[in-house]
Amino acid sequence: MLTLAGNEKPSLVSVRMFRRMIAHGRVRFLENEPLFERAVQALLTSADAVDRPALA
């Protein structure tokens, strides 16, 4: 899903269209950190939350 300028609602585009938009500089990621690193960090954060004892 993408948020396009001038549209409040997110838009769905095909992978092919998304790749074309990237190739032509029409879209960019808001975060500089690569997707895999973000996913690993989210996984570690979730694991830490599960390991913490529940506050009584």
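The legends below accompany an overall view and several close-up views of a predicted model of one protein chain.

**View 1. The whole chain, with two helices and zero strands.** In this predicted model, the secondary structure of the protein chain consists of two helices, and the number of strands is zero. The radius of gyration is 17 Å, well over the 10 Å that the globule rule gives for 56 residues, so the chain is more spread out than a compact globule. Taken along the principal axes, the box filled by the C-alpha atoms is roughly 50 × 25 × 20 Å.

**View 2. The surface and the charges of the chain.** Of the 56 residues in the protein chain, 7% are buried, and the chain exposes about 5,700 Å², of which carbon and sulfur atoms supply 59%. The chain carries 8 positive and 6 negative charges, and the mean positions of these two sets lie 17 Å apart.

**View 3. Glu8, in the segment before helix H1.** Glu8 is found ahead of helix H1, which covers residues 15-23, and with a relative accessible area of 82% Glu8 is exposed, because a value over 50% counts as exposed. Val27 stands 19 residues from Glu8 along the chain, and the C-alpha atoms of these two residues are separated by 17 Å.

**View 4. Ala23, in helix H1.** Ala23 belongs to helix H1 and is exposed, its relative accessible area being 65%. Measuring from C-alpha to C-alpha in the model, one finds Ala23 and Lys9 24 Å apart in space, while in sequence they are 14 residues apart.

**View 5. Glu33, in the loop between H1 and H2.** Glu33 is placed in the loop that lies between the two helices H1 and H2, and its relative accessible area of 42% makes Glu33 partly exposed, because this class lies between the cut-offs of 20% and 50%. Along the chain Glu33 is 26 residues from Asn7, and the C-alpha atoms of Glu33 and Asn7 are separated by 26 Å.

**View 6. Phe36 and a nonpolar surface patch.** Phe36 has its place in helix H2, which covers residues 35-51, and at 61% relative accessibility Phe36 counts as exposed. Together with Val40 and Leu44, Phe36 makes a nonpolar patch of about 300 Å² on the surface.

Technical notes: Residues numbered from 1 in each chain as written. Predicted model: local features only at pLDDT ≥ 70, side-chain atom pairs only at ≥ 80, totals over all residues. Heavy atoms only, no water. Helix = DSSP H or I, 4+ residues; strand = E, 2+ residues; numbered from the N terminus. Rg over C-alpha atoms; globule rule 2.2 N^0.38 Å. Buried < 20%, exposed > 50% of the residue type's maximum accessible area, 1.4 Å probe, protein only. Areas by Shrake-Rupley, 256 points an atom, 1.4 Å probe, with all protein chains shown as cover. Lys, Arg positive; Asp, Glu negative; His and termini not counted. Charge placed at Lys NZ, Arg CZ, Asp CG, Glu CD. Patch = residues over 30% accessible without salt bridge, like charges linked within 9 Å, V, L, I, M, F, W, Y side chains within 5 Å. Salt bridge = Lys/Arg side-chain N within 4 Å of Asp/Glu carboxyl O.
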